[in-house]
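Work through the exercises below with the sequence and the model side by side. Each task is followed by a solution that goes step by step.

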Amino acid sequence: MGLTYDAIVIGAGANGLVAAATLGRSGMRVLVVEAGGSTAGQARLHEFAPGFRVPPLRPDPGWLPPPIRSALGLEGPGLERDHPEFPLTVALGPDELFPLPRDPAAAMEVIRRHSPADAERWPDFMTRLRSLAGFLESLYQLPPPDVSARSLQDAWALFRTYRAFRRLGRRGMAELLRTIPMPVAQLAEEWFEAGPLRAAVAAGGVLDYRLGPRAGGTAFILLHHLVGAPPGTIRGRGTWRTGPNAFTEAAGEVARRWSVSVRTGDAVARILVRDHAVRGMVLETGEELHARYVLSTLDPARTLLGLVDPAWLDAELLHAVRNIRFRGCTAVVLYAMDALPGKVGADDASAALAGVLSLTPDMDALERAADAVKYGEVPARPHIELTAPTLHWPWLAPEGKHIVTARVQYVPYRRRDGRPWDAAAGDALADAVGDVIEGFLPGFSNRVLARATLTPADIERRYGLTEGAISHGELALDQILFMRPVPALSRYVTPIDGLYLCGAGTHPGPGVPGGPGWLAARRLLADRR
Amino acid sequence: MAMAAVTPLHPRTAPLVRAGTWRRWAGFVVASGYDPHPDREYAAIRSAAALIDISPLYKYRIAGPDAVRLLDRVVTRDVTRCRVDQALYTTWCDGAGKVIDDGMVSRLDDTTFLLTGTTPSLRWLSMNAVGLDVALEDRSAATATLALQGPLSRAVLERVAEDDVASLRYFRLMHTKLAGIPAIVSRTGYTRDLGYELWVDAERAVALWDALMAAGTPDGITPAGIWALDTARIEAGHIMADVDYHSAHLALIESRKSSPFELGLGWTVSPDKGPFNGRRALEAEREARPRWRLVGLEVNRESVERLFAEHGLPPRMPAVPWREGRPVYRLGRQVGYATSGCWSPLLQQAIALAHVRAPYHEPGTRLTVEWTVEHRRRQARARVVPLPFFDPERKRA
Amino acid sequence: MSASRYDAIVIGAGHSGLVAAAYLARAGLRTLVLERRPVVGGAAVTEEVFPGFRFSVFSYVVSLLRPEIIRELDLPRHGLRILPLESTFTPLENGDYLVTWADPDETRREVYRHSPRDADALPLFDRLMQQMALAVKPILDMVPPDPTSLAPSDVAGMLRLGKHFRSLGPERFHALYRLLTMSAADFLDEWFEFDPLKATKSASGIIGSFLGPRSPGSAYVLLHHYMGEIDGAFRAWGFQQGGTGAVSEAIASAARAFGAEIRTSAPVARVLVRDGRAYGVALESGDEFEARVVVSGLDPRRTFTELVDPKELPDDLIEAVRRYRFRGSSGKVNLALDGLPDFTCLPGPGPHLRGAISISPSVEYLERAYDDAKYGEFSRSPYMDIVIPSLIDPTMAPTGKHVMSIFVQYAPYHVNGGWTDEKREAFGDAVIDTLSRFAPNLKSLILHRQVLTPADIERITGLSEGSIFQGELALQQLFFLRPAPAWAKYSTPIRGYWQCGSGTHPGGGIMGASGRLAARRILASWG
């Protein structure tokens, strides 16, 4: 006989801790089990060179829905944000940067150099994006809309969604419906004529997505990642002031306040099921834990294909889960730096590195980078985005030293030649990335003290993400809202009574820390009544 | 463009078809009847021995350590209790508990099974085999199947079998040699008569046919076509996919799907086995009692005679089984539909299989069934009877 | 100056305009159709391009023509004769082939040869597509309600739509949603494993669009092409006897029978507007015709920015039309042949030549063809949908000779450097070279060839950017967004001025639905 809890949450990332805290607050006896050595999930620090630590996957901490903040009392100076002056900069060449400052007037000034007409349109564009993202903001605080709503709660959520939709106004509503399925390239082309500006906009639509900016639905991805972004920002939502895992620390603290226990270093071997109902789990140590409810923050494939005996799932559902498109396509190269690159032309590279510095100056290059991955190949000229987290948190590196992370798209999870991602292949990739960086930031490689590469296969191994998909499943239009991860699982419940999904694989998806966890926990509490 | 596919027995069956009475079955051309009229072939099934080419059945070999687990999660019966050399008749369902197909699970050895059915199942099996250590092989084309059915079938078989087939019990099978040809003999059939089904490599099928025909002559062995088989199976109360029900995988609309309970096959849904497709839905349905049920209808002969007499015609019963749906009424209101029927020479009675809504499916209920006489749609009186219509002792003895 | 007065003038005798005219005339309106070219039909014309060789120059197969139009206009009596096109033959790069036949058993056997599992999947996939086509059918037959409007008719329309979606049940609703949003390749990946089968099926998802098989949104176009199999003019795709032009002739004949007048070689210069109201049209010849309503069958760009002064229209609409994407992506090569092509993988004049021949050996092949086009080049190895109408309808070519119609994708309208004569011929050569890889005797058979680029299609038919659907069938320009929000119900901001072309809901293909719906709206507002 093992220990017995009311609920066990698998995974101590943002969603797991928020779900646990939400349940604990209602008086349930809750345990969180985490396979890693510490909490924080994807925000966990990775020491890739002695004294150099960084959370490699998430440069953008995402948007924290206000209801979670207030319901759980998530406050404190740690959850203040710092906003870089230049959220996004596009490198145009070895001596020219195209920085997009947050301040609209300053941004217009920069854009004017490339196109006066574009400069004039910039403020309107940003207002439009904010308004459309604002609708998503209200959508993301609610369970996914259910067109066949039966319960009062569902109908209420549907009504609130509709109200938020109507608030956009007639033009806004039409614009929203038109924009969501659109390619981000089309959006960029409709608004702007300057190549660098188009590239800047388009890059936000392909984050962790395996298709290029000409693919339908990429405009939605841009909006998704701008939910909760401060005015003027075309990328990112600001970093937590005190450290990359400030949020998970705060959530963990709240959880402990509600008597939630957390066990780290304990991997789940399988979830116990009897008569279509969850009974608990077996840890890899062989220890059994019992609970009436189990919530999994792992992605749906890992949860249902990895931890549950598939016999409990109907073949149709198994087929659907197996067809969830994960398609990790992002690799990360981490650089331990002696110093940051200095000037690029007249501009300061380190100011750009406080935000995101994209090394893809035009949209066709972005599209071409996506071409190769369709055939399982690494592009000759990958799309690279650089950030220096040590500009926010100097303590991540030894005194005076820096870290630069390079997000690299598009890197196939499965290679065309069928060969695995071994160290040699990772090194070859990092060399190629280094060459590109060197082309834009001459002298960069001379300042590198050490580097480490995370290919999609490494990301899968290290973070337990199927196919290395940081997104827990592509943010394609057929995998969002009531389709996330698949329709039958979109209400957080599974065919196994008491087993809930609460990771980023469920609505509202990645980049909304605690969002899925909170909605799943509330769903559980409603079911319990 | 390929020619229509023929079964491995085509070289023997083709010359026997006297009136061009062919039909398509699962993409193969097979004989509806060898004679223009199926009476003699039917008679062989019930009073001698009939040899029927049922090679178009789909056959899958499932082998590996997880073969039991795979089949147990696919079908509604408890495969864990299927012993080696045993066969189970079963249905299999989708997640909503609607029947995809019905057929036979045969256990060839500890880790090897043969699944036979009437719809292609390779994709479905592989969808279910996720995470299981099992090899699937489609044996449909490589294996020919002959049904040897009738009270004298045992005698015929004994003359060619190397082993003691006489001791083979109902729903058991054995590996043996028939006239020197390796074969699997199973004591199963679609007729509810004493009978066997013989599984043989396609290239040896003709030789087996020849051996059986030669050995069976004293017992009046007769090749029989689908008409005769159809009559026998309706008497036996056996349903036929695409005729009496639609596979849940192919039904265009919900109302065309049926659960095992609605098909009178609730007994194939094991209440105490492990998880399988549709289990939850079926458990719920078992408690709620199904709203439809497949029943037998005995058509009142006098009432049919009267319909003909009104036109001054002698009564005529259809010469071959019919498969077009016919509405079934209770006091003028439609309460169901018949899906196949025939004149039963054995019972001297027109009979039909019908789906009837509760509560009209209770045995003894008086209903009427549409009967077209002289271009007019009329109704003949009928009575609900339990299935099967015919169930002789010799089947099991 | 003539001062003839009509009730209705329809601009453009394409199939949509003709359908609209036929319905208006049928309701008793004095209707005039004005066509720029000497023939009716727009992109659905038959022409004797080379002596003795007749071609369906542009549009070459029929299946989407709405059955209610066939019925209500009594088209068979006016010459509609559709001949079967029952197979699709895909030669493969490895010397093998794939054919799907009209008979499911034969198709199963053929597919089974390549993948037993796919053979199982086929009937299930067809069933789903049938269900989806049934789910879409009521939407095609409806004037699209505007979800942003609170007008009673729009609210009622949205409620009707909502009710329809609910009636589908969650399973079918979700399947429909996925079909609308996914890529053809992803959608097919869930069903099939044999790549050429996926490629050939996904090819119908890219026809007429500037999308690759892996582009989200291409799955919907796949459905669009399945519609014909549900309740189209024939069981599946078919040829019109005498070429596609005869379909147009049949509709024109029906329109005339109802009293409509059709004038060819009568190019309209502009729509006459006074005080925000259309009152007639002026021809390029200077002739003017007056009418209570003017209906444009042309595409949105011509309808809103060329036939009328954009100043008459709200900025929103002009902006929407500017953003509306045409992006013609296909060309056409018409060949007069001395004999039949001999495919290495399936030699001889077998029945496989009587259906469609699809050059779609793999999804990657199609995707790479798209990659070329994305950057402004025609595909080096393009996708082709080929038919040999003379095999089914021998009147199309002299005895023993043949006509071959090759629909080619991708050929971008905005080709790098623009379309020149040299580029056109280079494009034609790429097509012939590619096809010769599969049928080496082709080159020796060619008596004449006609190569049509999107620029040619635009020049000849007037379709902007050579877009065969009068604008891409992409989600962001369908239904109430086609061609522009608030103006998707066939009316325009100019009173008495209507639109009825494929640039309106439901768009694309020889369907006629938009012409019929537009006529219905016009008649409802009549009086």
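**Exercise 1. Work out what share of the contacts in chain A between residues at least 6 apart in sequence joins residues at least 24 apart, and set out the corresponding share for chain B.**

Solution. Start with the term itself: a contact means heavy atoms within 4.5 Å. In chain A, among contacts between residues at least 6 apart in sequence, 71% join residues at least 24 apart. In chain B, residues 24 or more positions apart account for 67% of the contacts with a separation of 6 or more.

A note on the model belongs here: it is predicted, so that local features need pLDDT of at least 70 and side-chain atom pairs count only at pLDDT 80 or more, while totals for chains, interfaces and linings use all residues. Residues are numbered from 1 along each chain as its sequence is written, chains are lettered from A and ligands numbered from 1 in the order in which they are written, and side-chain values use heavy atoms, with hydrogens and water left out.

**Exercise 2. Decide how the radius of gyration of chain A stands against the globule rule.**

Solution. First count the elements: the secondary structure of chain A comes to 17 helices and 20 strands (DSSP runs, H or I of at least four residues for helices and E of at least two for strands, numbered from the N terminus). The radius of gyration of chain A, taken over C-alpha atoms, is 22 Å, and the globule rule (2.2 Å times the number of residues to the power 0.38) gives 24 Å for 529 residues, so chain A is as compact as a globular protein of that length. Finally, buried residues, meaning those under 20% relative accessible area with a 1.4 Å probe and protein chains only, make up 66% of chain A.

**Exercise 3. Describe how strand E7 of chain A is placed and which strand it pairs with.**

Solution. Begin with burial: 4 of the 5 residues of E7(A), residues 96–100, are buried, so this strand is largely enclosed by the rest of the structure. Next, look at the partner: strand E6(A), residues 88–93, pairs with E7(A) in the antiparallel sense over 5 bridges, where pairing requires that DSSP finds at least two bridges between two strands. The two strands form a hairpin with 2 residues between them, and Gly93(A) stands opposite Glu96(A) in E7(A).

**Exercise 4. Establish whether helix H3 of chain B is enclosed or open, and name buried residues in it.**

Solution. Of the 8 residues of H3(B), residues 67–74, 7 are buried, so the helix is largely enclosed by the rest of the structure. Among them are Leu70(B), Leu71(B), Asp72(B) and Arg73(B).

Methods: Buried means under 20% relative accessible area, exposed over 50%, partly exposed in between (1.4 Å probe, protein chains only).
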